[in-house]
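Reader: I am new to reading protein models, and I would like to learn how to go through one feature at a time. Could you show me the structure, so that I can ask about it as we go?

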Amino acid sequence: MGMYEDVFRASLEDPEGFWLGAAEGVDWEVAPSRALDSSGAPFYRWFPDGRLNVCFNALDRHVEAGRGEQPALIHDSPVTGTRRTYTYAELRDEVAAFAGALAGLGVGHGDRVVIYMPMVPEAAIAMLACARIGAVHSVVFGGFAPPELAVRIDDATPKVVVSASCGIEGKRVIPYKPLLDRAIELAAHKPQKRVILQRPQEQAELGPDDLDWADLVAAAPPAACLPVAATDPLYILYTSGTTGKPKGVVRDCGGCAVALHWSMGAVYDIGPGETMFTGSDVGWVVGHSYIVYGPLLAGATTVLYEGKPVGTPDAGQFWRVAAEHGVKTMFTAPTAFRAIRKEDPKGVLTADYDLSRLRYLFLAGERLDPETYHWASALLDIPVIDHWWQTETGWPIVANPVGIEAAPVKPGSPTRPLPGWDVRVLDPSGRPVPAGVDGAIVVKLPLPPGSLPTLWNDDARFVASYLSAYDGYYLTGDGGHIDEDGYVYVMGRTDDVINVAGHRLSTGSMEEALAAHPDVAECAVIGVADALKGQVPRGFVVLKAGTARDPREVEAELVRLVRERIGAVASLKEVAVVAALPKTRSGKILRKTMRGIADGLDEPIPSTVDDPTVIENLRPLLHRPDHTV
Ligand code: COA
Ligand code: AMP
């Protein structure tokens, strides 16, 4: 039996022993005497009597162990033409100073801080500073518009919001401060203070409740690490669900530290002193886990990259970063590689760089299409590893754990479940399906440490969203199958969540935005295949009877409306005014049928359809062969 099987079996047969063993990889103020508390099932708590500080584990302990002069974080920003390296000692001092500044503003244990920032080192510093004083951060992706930020502010009720004067998208400077001001105007909850990092590209005008980051830090005494309960929240990260109200995924301190630390070696084969580059954004879970916490918990060097993989200045930036910083493991979304391939199909730009230290490419966030897999494998001649996980799980569910034992790759599959994850595929009645047959991918409870214990202030929604479909199982929301070798195949979401350029979005929230237009009677937004972004949303609306407006004008207004309400990141560029939407006889819009036709599948027309001619009329508009991946 191979190493993987041994470790996997041990994790499921003796989770207590397995995770207490993994817990030895982090430093505890009070070491846990047991791993799992099931007394409140289906709410499980990991390391219930342990106490620790995650920031101490990410920074101070490495300094104390003599790694103070080692690079901890490299900010590499082609869009500003700057690079800056922070050693562990420097990063600890910057974090302690900002933690002191937050404490000075009255932020303490359990208080929330919303962070709305571009990819600057101060975003990671703010996160770690919260962890240092036991506060709970909630990072909101910079591409979200003010109403989305406002919803998150209202749910998290932060004492302080931390932001920057601007972000940079390619050659465009995007002022953040007006977006923040608008969000606070819209929100019912008013944070007491906003801390603004002034960037040279665009200075913000500060109001009476705004504080300049630099001034604040200069005046603040550094804060020490506050040990907290392992079950205390480290952060809240909002993610898209079926409706417009995002779900506040909670991550607890002990589970997060143990699982991420363990995954760095077992999955990504990264140890102290080695360099990981994760091309994502701190606003997403990938950024939380593998730009900030994971690499730092492991005593490794992390690259925080500000820019796109293509464009400014060219499609060779990921290769440059890998060569310049001696990256061993690179992690990004397949869409980034599709973008690079589109610009540089032969990969000639790799010739400019020494990639000999690059050992692995990990990809996640959306389905890895075989073409991209083969292109990247042939170009880099290193293992290209697809792996599957979610904001909720915090770390990978299914992967090829090269740090334990590399398995042969089957293109199209992210390989096998990782230790801790008891993955099953069930049919609608809850029975396991045979190998190779599609069904709902679920995970038998309890989920391992590092995954969500609940939703912020909403235990009921946690149960309703994830635990009620199949008793004793967590519903991932993805469909797929497991083959006879135990390889998992993830075929796509079974709900209204779509993945656009690796960004998770809700078609439900886009529909809510469209429905707010005064001329719209009803609407449907579906995710359709896209050669670059994997999926893009497309909207279909029926106008109110008697509307005399030019449909083209309304379509343009609707595209603008979604951009204003959700953000540019929604990438809703096409909305079509149609005569009717296909429905069942009971009035349910046939979104799945529309999706199938749009993706060029041989989609059967359901027998429950009310009027088949509506579908036939829509067919030419739906199916666009040039869009199919
Ligand atoms: N702040 C403000 N605007 C933002 C933003 C941010 N942080 N992030 C994205 N946007 C804007 C973009 O500028 C773009 O605006 P536009 O419609 O005016 O051009 C829009 O949101 C859509 O962004 P995106 O979907 O990222 O498309 P893109 O064409 O700018 O870039 C890729 C496409 C594939 C290059 C890019 O998405 C990418 O590198 N993705 C892979 C990495 C990743 O982030 N993965 C996430 C999880 S692993
Ligand atoms: P997020 O919560 O933003 O990380 O998005 C999670 C969702 O992205 C999953 O539920 C999947 O639908 C999709 N996803 C992530 N990784 C993969 C992968 N390797 N293969 C297929 N889908 C993936």
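Reader: Let me begin with the end of a helix: which residue follows helix 6, and what is the sign of its phi?

Author: Before I answer, please keep in mind that this is a predicted model. Helix 6 is followed by Thr-157, and the phi of Thr-157 is positive, near 40 degrees. You can look at the end of helix 11 in the same manner, where Gly-326 follows and has a positive phi near 60 degrees.

Reader: How many residues of helix 6 are buried?

Author: The general idea is that a residue is called buried when its relative accessible area is under 20%. Helix 6, which runs over residues 146-156, is mostly covered, since eight of its eleven residues are buried. These are Pro-146, Glu-148, Leu-149, Ala-150, Arg-152, Ile-153, Asp-155 and Ala-156.

Reader: Which elements do the buried residues of helix 6 pack against?

Author: They pack against three strands, namely strand 6 (112-116), strand 8 (160-164) and strand 14 (233-239), and also against helix 7 (177-186) and helix 16 (551-565).

Reader: And how many of the residues of helix 11 are buried?

Author: Helix 11 covers residues 317-325 and is mostly covered as well, with eight of its nine residues buried. The buried residues there are Gln-317, Phe-318, Trp-319, Arg-320, Val-321, Ala-322, Ala-323 and His-325.

Reader: Turning to a single residue, is Ser-377 buried or exposed?

Author: Ser-377 counts as buried because its relative accessibility is 18%, and the cut-off for that word is under 20%. Ser-377 sits in helix 13, which spans residues 370-380. If we leave aside the neighbours within four places in sequence, Ser-377 is in contact with Ile-382 and Val-384.

Reader: In which helix is Gly-254 found, and which residues is it in contact with beyond its neighbours within four places in sequence?

Author: Gly-254 belongs to helix 9 (residues 253-266), and at 0% relative accessibility Gly-254 counts as buried. Once the neighbours within four places are set aside, its contacts are with Trp-28, Phe-47, Leu-52 and Ala-230. It also helps to compare sequence with space: Gly-254 and Arg-45 are 209 residues apart in sequence, while their C-alpha atoms are 9.6 Å apart.

Reader: How many disulfides does the structure hold?

Author: To call a pair of cysteines a disulfide, we need their sulfur atoms to lie within 2.5 Å. The structure holds zero disulfides. Cys-55 is in none, and the nearest cysteine sulfur to it, that of Cys-225, is 4.7 Å away. Cys-130 is in no disulfide either, for the nearest cysteine sulfur, which belongs to Cys-55, is 10 Å away. Cys-55 is buried, with a relative accessible area of 0%, and Cys-130 is buried with a relative accessible area of 0%.

Reader: How many residues are around ligand 1, and which come nearest?

Author: When you read a binding site, begin with the surrounding residues and then go on to single contacts. Around ligand 1 there are 26 residues, of which Glu-169, Arg-172, Lys-308, Arg-563 and Lys-573 come nearest. Strand 10 (172-175) and helix 12 (334-343) each supply at least two residues of this shell. By kind, the shell divides into eleven nonpolar, nine polar and six charged residues.

Reader: Which residue has a polar side-chain atom 2.8 Å from an oxygen atom of ligand 1?

Author: That residue is Lys-573. The backbone takes part in such pairs too, with a polar backbone atom of Gly-142 lying 3.4 Å from a nitrogen atom of ligand 1, and a polar backbone atom of Val-569 lying 3.3 Å from an oxygen atom of ligand 1. Ligand 1 on its own has 940 Å² of accessible area, and the protein covers 85% of that.

Reader: What residues surround ligand 2, and which of them are the closest?

Author: Ligand 2 is surrounded by 15 residues, and the closest are His-387, Thr-391, Asp-478, Arg-493 and Arg-504. The shell divides into four nonpolar, five polar and six charged residues. A polar side-chain atom of Arg-493 lies 2.7 Å from an oxygen atom of ligand 2, and a polar side-chain atom of Gln-390 lies 3.0 Å from an oxygen atom of ligand 2. Taken alone, ligand 2 exposes 490 Å², of which the protein buries 94%.

Technical notes. Residues numbered from 1 in each chain as written. Chains lettered and ligands numbered in written order. Predicted model: local features only at pLDDT ≥ 70, side-chain atom pairs only at ≥ 80, totals over all residues. Heavy atoms only, no water. Near = heavy atom within 4 Å. Polar contact = N/O pair within 3.5 Å; in protein donor to acceptor, adjacent residues only side chain to side chain. Areas by Shrake-Rupley, 256 points an atom, 1.4 Å probe, with all protein chains shown as cover. Nonpolar A, V, L, I, M, F, W, Y, C, P; charged D, E, K, R; others polar. Helix = DSSP H or I, 4+ residues; strand = E, 2+ residues; numbered from the N terminus. Buried < 20%, exposed > 50% of the residue type's maximum accessible area, 1.4 Å probe, protein only. Contact = heavy atoms within 4.5 Å.
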